[in-house]
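User: I am new to reading protein structures, and I would like to know where the descriptive words come from. Could you go through some of them with me?

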Amino acid sequence: MPISSSNAEIQMLLQECKQMSKSIKTPRPSRFLSCPEPIVLQQAMADHLVHLYESNIESAFRILHRSTFRSEYEKYKICPTEIADVTILKIQLVIAIGSSLCPNMSDSIKVRRLACQWLHAAQDWLSGPIEKDRLSIDSIQVHCLLILARQVLSVGGDLSWVSMGVLLRTAMQIGLHRDPKHFLGMSNFEGEIRRRLWATILELNAQASLDSGTPCGISFDDFDTTLPANINDEDIGAVSTGIRHHNDATQTDTSLQRFLLQCLPPRLEVIRRMNSLNADLQDEHILELSAKLSAACREVDEQTGTSADHQASSFKRNIGSFLLRRFLLILHRPLAGRIRENALYYHSRKMSFDSAMALLKPPLKNDAFSYLMLHGGGLIKSCLIHASLALASELLIEIEEQGSSTYRGMLIDAVKEAQQRWEKRIELGDTGFRLHMKLNIVLGLSEHTRETDQQHRMVHSTKGSLELCRALIRKHVGSELSVLSSECDDWRNTNLHPIGNNEHLNLSSQSLDFENILQMSGPDIGGDFEPDSPTFVIVTKPVGNPRGDPWNTASAKSAAPKPV
């Protein structure tokens with residue numbers, strides 16, 4: 001088939017995938033919720049989801065005091081009408097986050113839709129008029145839970161940096177950036193809750209800044225709040241007068257959070273040097289930051305330790321490694337593609353490959369963590385995009401160098417695994433079909449390296465990927481519509497548009513050019529972006545851009561440092 005005919009067919013497939021992807025995003029609850037709705041879940045399921053949240057997410061992001069929250073939750077189950085709205089919102093968000101950790105949940109589509117309604121209710125509550133209950137520890141807890149829920153449920157998770165600005169300033173408004181010792185009369189319990197919340201906000205802010213390619217908006221000169229105490233939740237309560245501290249070697253409920261906060265300085269330095277307008281990342285900076293981050297990734301295993309609950313322990317280790325190692329990937333990935341310029345970039349190439357493999361294959365098997373990686377958006381999706389493209393870039397370099405067949409085989413297997421993961425994500429409702437297409441093209445090139453075969457092979461790979469993605473998206477849209485039809489037919493009919501309407505991809509004047517590298521125009525930050533007028537180009541050889549990233553999708557800006 002002539003390439004010109006294939007171009008037209010590929011454009012049509014792109015348009016269909018785009019339209020069906022939009023229909024997935026359309027069913028969003030409106031902002032009519034002024035107060036929390038009742039929790040309409042079976043009690044056993046709600047209890048299980050609360051347990052999943054407490055035993056997993058709270059290990060890294062300390063937001064709630066477990067026994068206090070449990071007391072509030074039990075009171076809600078007995079008499080929900082006597083519980084404050086802000087408490088109900090916390091319970092709903094905890095259950096929503098827990099649903100992202102439950103792979104064997106019945107009626108998962110209905111539960112997810114209910115969870116999304118709770119997210120919008122919480123956002124609506126936080127956006128209301130500023131009153132006393134909007135400037136409080138409870139409000140900060142709701143805001144933190146909401147940002148986490150948006151990430152794990154993939155509801156506007158890629159825009160969390162914007163929300164983090166509001167959360168950070170709200171926290172500073174009520175003094176979380178000042179150590180509790182400055183507030184006379186504050187109880188030990190409240191002081192520890194404030195320290196934990198501030199550490200959580202700093203962690204969420206750093207992760208969001210990395211993904212958005214923007215500055216953190218805060219430095220260590222802007223706060224003096226100290227580390228949370230190394231204690232278990234049971235060691236302190238609202239009426240306790242003292243705290244039973246543990247030594248640093250003892251594993252407690254706050255151990256991982258304390259360790260992540262201690263590892264924050266090099267991560268903030270990575271963000272500052274890569275995302276500032278006058279980016280300054282020289283070889284000595286890269287080596288120093290890389291050494292500190294690598295050491296932290298090794299030490300996180302010791303910090304997480306082991307416990308009787310193996311699942312909770314393995315999740316804790318995986319999430320700790322994930323939150324640290326992705327900074328290593330972002331630090332080295334832009335330089336890995338510059339190996340053609342100077343062999344001294346081999347170190348970055350190896351670090352990029354090792355980090356990508358570790359992120360795609362967590363250190364310990366854990367069903368809840370695997371399910372989270374499969375469904376999550378925001379920082380989770382951004383990290384998986386970078387890891388997948390790092391492996392694809394390495395495979396392209398290996399194809400060009402015609403290296404050992406053993407190493408190439410390992411890379412092909414890794415890229416195939418990444419591609420299969422994206423197939424599953426698309427089947428579950430993800431709209432990142434372009435990344436699947438890129439990976440499929442690279443795999444096609446790895447199987448056919450003769451110059452005369454490359455052009456047609458890439459056309460074939462592109463069409464094959466888009467046809468598969470179209471079928472997966474169509475299947476998901478059908479399942480979503482079947483649920484919507486049973487809940488709200490009128491609302492669905494006025495908001496969902498059939499495929500083939502007047503919207504289009506504006507590709508009529510842009511042909512598919514198979515002489516340049518596969519890339520998409522758009523913001524040079526994390527995520528699978530869909531610009532209004534995308535430029536879609538495919539090439540036979542990887543071509544570096546001014547930043548040394550042949551895929552032009554680095555999440556953070558970087559200068560052109562000297563070889564490492």
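User: Happy to have this in front of me! What makes Cys116 count as buried?

Analyst: Cys116 has a relative accessible area of 9%. The cut-off for buried is under 20%, so Cys116 earns the word. Please keep in mind that this is a predicted model.

User: What about Cys469: is it buried or exposed?

Analyst: Cys469 has a relative accessible area of 0%. That is under the 20% limit, so Cys469 is buried.

User: How many disulfides does the structure hold, and how do you know that Cys469 is not bonded to Cys17?

Analyst: The structure holds 0 disulfides. A disulfide is a covalent bond between the sulfur atoms of two cysteines. To be counted, the two sulfur atoms must be within 2.5 Å. For Cys469, the closest cysteine sulfur belongs to Cys17 and is 5.8 Å away, so the gap is too far for a bond.

User: Let's turn to the whole protein. How many helices and strands does it have, and what share of its residues counts as buried?

Analyst: There are 19 helices and 2 strands. The protein has 564 residues, and 58% of them count as buried. Contacts can be described too: among those with a separation of 6 or more, 76% join residues that are 24 or more positions apart.

User: Now the helices. What angle do H5 and H6 make, and why is that called oblique?

Analyst: Two packed helices are described by the angle between their axes and the distance between the axes. H5 (residues 108-126) and H6 (residues 137-152) pack at about 140°, and their axes are 10 Å apart. Roughly antiparallel would need an angle over 145 degrees, and roughly perpendicular covers 65 to 115. The value of about 140° fits neither, so H5 and H6 are oblique to each other. Their crossing is left-handed.

User: Which residues bring H5 and H6 together?

Analyst: On the H5 side they are Leu119, Ala122, Gln123, Trp125 and Leu126, and these meet Ser139, Val142, His143, Leu146, Ala149 and Arg150 of H6. Sorted by class, this contact has 7 nonpolar, 3 polar and 1 charged residues.

User: What makes H8 and H10 roughly parallel?

Analyst: H8 (residues 188-212) and H10 (residues 264-275) pack at an angle of about 30°, with 10 Å between their axes. Angles under 35 degrees count as roughly parallel, so the pair gets that name. H8 passes H10 in a left-handed crossing. In the contact, Leu202, Glu203, Ala206, Gln207, Ser209 and Leu210 of H8 meet Leu264, Arg267, Leu268, Ile271 and Asn275 of H10. The classes here are 6 nonpolar, 3 polar and 2 charged residues.

User: And why are H9 and H11 called roughly antiparallel?

Analyst: H9 (residues 255-262) and H11 (residues 283-304) cross at roughly 160°, and their axes come within 10 Å. The limit for roughly antiparallel is over 145 degrees, so H9 and H11 qualify. Their crossing is right-handed. Ser255, Leu256 and Phe259 of H9 make the contact with Ala296, Glu299, Val300, Gln303 and Thr304 of H11. These divide into 4 nonpolar, 3 polar and 1 charged.

User: Some single residues next. Where is Ser154, and why is it called partly exposed?

Analyst: Ser154 is in the loop between H6 and H7 (160-173). Its relative accessibility is 28%. Partly exposed is the range between the buried limit of 20% and the exposed limit of 50%, so Ser154 counts as partly exposed. Ser154 also has a phi near 55°, a positive value in a residue other than glycine. Most residues other than glycine have a negative phi.

User: What makes His310 exposed?

Analyst: His310, in helix H12 (residues 310-336), has a relative accessibility of 51%. Exposed means over 50%, so the word applies to His310.

User: Last one: how do you know that Leu64 is buried, and what does it touch?

Analyst: Leu64 lies in the loop between H2 (43-56) and H3 (66-78). Its relative accessible area is 4%, under the 20% limit, so Leu64 is buried. Beyond its neighbours within four places in sequence, Leu64 has contacts that include Tyr53, Phe69, Lys90, Val94, Leu145 and Asp233. Lys90 is 26 residues from Leu64 along the chain, with 9.2 Å between their C-alpha atoms.

Key. Residues are numbered from 1 along each chain as its sequence is written. This is a predicted model: local features need pLDDT of at least 70, side-chain atom pairs count only at pLDDT 80 or more; totals for chains, interfaces and linings use all residues. Side-chain values use heavy atoms; hydrogens and water are left out. Axes are lines fitted to C-alpha atoms, for helices over the stretch in contact, and angles run from 0 to 180 degrees between N-to-C directions. Helices (H or I, at least four residues) and strands (E, at least two) are DSSP runs, numbered from the N terminus. A crossing is left-handed if the near helix is turned anticlockwise from the far one by less than a right angle, and right-handed if clockwise. Contact means heavy atoms within 4.5 Å. Ala, Val, Leu, Ile, Met, Phe, Trp, Tyr, Cys and Pro count as nonpolar, Asp, Glu, Lys and Arg as charged, and the others, Gly among them, as polar. Buried means under 20% relative accessible area, exposed over 50%, partly exposed in between (1.4 Å probe, protein chains only).
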